[in-house]
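Q: I have a model open and want to learn how to read it. Can we go through it feature by feature?

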Amino acid sequence: MFGWIKRFENQSRGLFVLAAFAIVISVGVVDYATGWELSFSVFYLFALGLATWFVGKRFAFFISGLSVAVSLVGDLATGGRYSSRLVPWWNASILLAFYVVVVWLLAKLRTFHGELEAEVKQRTAALTNEMADRERLERELLEVSEREQRRIGYDLHDSLGQHLTGAALAGQVLEEKLATRGLAEAADANKVVELVEEGIALSRKLAKGLHPIEMEAEGLMQALEELAATSSELLKVSCRFECDSPVLIRDTGTSMHLYRIAQEAISNAVKHGKARNIIIYLEALDDGIALRVKDDGTGLPDSLPKNAGMGLRIMAHRASIVGATFQARRDDPDGTMVSCMVRHKEASGRVSDE
């Protein structure tokens, strides 16, 4: 209802003052031309509406009086015949009272409309701020999570790794002593050393998974290749990485989010989809970079519930942070395809043939 009114509110008030006068004069001319027997009083309401809504209540009261005066003068000038001289003045008073009531109601409606519009703007601004705060909080939570993972990765590499290295050296010394004495337990000591060395390698892989992206532009490719190898070894599945041409992403944050999306997709594929074969694709497109993770698991249901899994929501949120489009769907004939496409502007990367 108020849509067309909104378009006129930016016009000058003087324009509406002239329009109100023009309507009163035009209706008055028609009223005079048709004689006193035909009444055109209702058409003056157009001038009252413009005056009330776009100029002000005081001016609308003035237009009300002017409309009544023009109508009365027109009727008297055309030879209106009444049973008493008081009749035209009575009619004019009733008409003026009617116009005053109309102006008062329109003014109240205008005030209510303004208050409602202001409240809508206020609530919209509050909702926008709340959404911005929520997005900021989610980003901060992800940043805190990344920092904690990096810290744990450093602890695994520096503290636990060095501790296990020391244990392996101590085991080697014990093995040499037992071997020097010709004791059969030297073989058992050697086995312990091998297990400790396997623990060292495992801790390094875990540390690498917690903080995988190097600062170089090709860091994502190297990280995804290592992710595929580590996933194959730790999850006991076939996971490989395919990238036909080098894809360079110079923004470390974007690379990290893409890596986490791939990591989460692999975890979901094994945990929920019972997948045995997983392929990570990193591809350069004409207008961006595409990351896809395909598996041969049970696949997603045809229609996802509104409260989809936490993993899907986290992946979608990570994609939104870097301005990427995210999609997770059932793949033909089976399995799941997780896709994430980043425009060149957001990725700050390009494909190089060097």
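A: Start with one backbone angle. Just after α3, G56 takes a positive phi of about 160°. Keep in mind that this is a predicted model.

Q: Which residues of helix α3 are buried?
A: Helix α3 covers residues 45-55. Its buried residues are A47, L48, A51, T52, W53, F54 and V55.

Q: What does the secondary structure of the whole protein come to?
A: Ten helices and seven strands. Buried residues make up 34% of the 354 residues.

Q: How do I read contacts along the chain?
A: Look at the separation in sequence. Among contacts with a separation of 6 or more, 71% are between residues 24 or more positions apart.

Q: How many residues has the largest nonpolar core, and which have the most contacts inside it?
A: A nonpolar core is a set of buried nonpolar residues joined through side-chain atoms. Here the largest has 36 residues. L224, I278, I280, L282, L291 and V293 have the most contacts inside this core.

Q: Which elements give two or more residues to this core?
A: On the helix side, α7 (219-235), α8 (252-271) and α9 (310-321) do. The strands are β1 (238-242), β2 (247-249), β3 (277-284), β4 (288-295) and β6 (336-343). Helix α8 gives the most, with seven residues.

Q: Where is the other core?
A: It lies apart from the largest one and has 21 residues. Among them are V24, Y44, F59 and A92.

Q: Back to the largest core. What does L291 touch, leaving out residues up to four places away in sequence?
A: L291 touches L224, L258, I261 and A262. It also touches I280, Y281 and L282. V338, S339 and C340 complete the list.

Q: Is C340 buried or exposed?
A: Use the cut-off: under 20% relative accessible area is buried. C340 has 2% relative accessibility, so it counts as buried. C243 has 23%, so it counts as partly exposed.

Q: How many disulfides does a search of the whole structure find?
A: First the idea: a disulfide is a covalent bond between the sulfur atoms of two cysteines. The search finds zero here.

Q: Where does A324 lie?
A: A324 is in the loop between α9 and β5. Its relative accessible area is 13%, so A324 is buried. Leaving aside neighbours within four places in sequence, A324 is in contact with A319, C340, M341 and V342. A290 is 34 residues from A324 along the chain, and their C-alpha atoms are separated by 9.4 Å.

Q: How many salt bridges are there in the whole structure?
A: A salt bridge pairs a side-chain nitrogen of Lys or Arg with a carboxyl oxygen of Asp or Glu. The search finds six.

Q: Which residue forms a salt bridge with R123?
A: E119 does, with the closest N and O atoms 2.7 Å apart. Both residues lie in helix α5. They are four residues apart, about one turn of the helix. R123 has a relative accessible area of 57%, so this residue is exposed. E119, at 35%, counts as partly exposed.

Q: Which residue pairs with R292 in a salt bridge?
A: The partner is E283. Their closest N and O atoms are 2.6 Å apart. R292 is partly exposed, with a relative accessible area of 25%. E283 is also partly exposed, at 32% relative accessibility.

Q: What about K294 and D331: how far apart are their closest N and O atoms?
A: In this salt bridge they are 3.3 Å apart. The pair links distant parts of the chain, 37 residues apart. K294 is in strand β4, while D331 is in the loop between β5 (325-330) and β6. K294 is partly exposed at 24% relative accessibility. D331 has a relative accessible area of 9%, so it is buried. Add R329, and you have K294, R329 and D331 linked in a network of salt bridges.

Q: Now the outside. How much accessible surface does the protein have?
A: About 21500 Å², of which 59% belongs to carbon and sulfur atoms.

Q: Which residues make a nonpolar surface patch?
A: L109, F112, L116 and V120 make one of about 350 Å². L109 is in helix α5 (residues 86-180). At 33% relative accessibility, L109 counts as partly exposed.

Note on methods: Residues are numbered from 1 along each chain as its sequence is written. This is a predicted model: local features need pLDDT of at least 70, side-chain atom pairs count only at pLDDT 80 or more; totals for chains, interfaces and linings use all residues. Side-chain values use heavy atoms; hydrogens and water are left out. Buried means under 20% relative accessible area, exposed over 50%, partly exposed in between (1.4 Å probe, protein chains only). Contact means heavy atoms within 4.5 Å. Accessible areas come from the Shrake-Rupley method with a 1.4 Å probe; for residues, only the protein chains shown count as cover. Patches are made of residues with over 30% relative accessible area and no salt bridge: like charges are joined within 9 Å, nonpolar side chains (Val, Leu, Ile, Met, Phe, Trp, Tyr) within 5 Å. A salt bridge is a side-chain nitrogen of Lys or Arg within 4 Å of a carboxyl oxygen of Asp or Glu. A disulfide is a pair of cysteine sulfur atoms within 2.5 Å. A nonpolar core is a set of buried Ala, Val, Leu, Ile, Met, Phe, Trp, Tyr and Cys residues joined through side-chain atoms within 4.5 Å.
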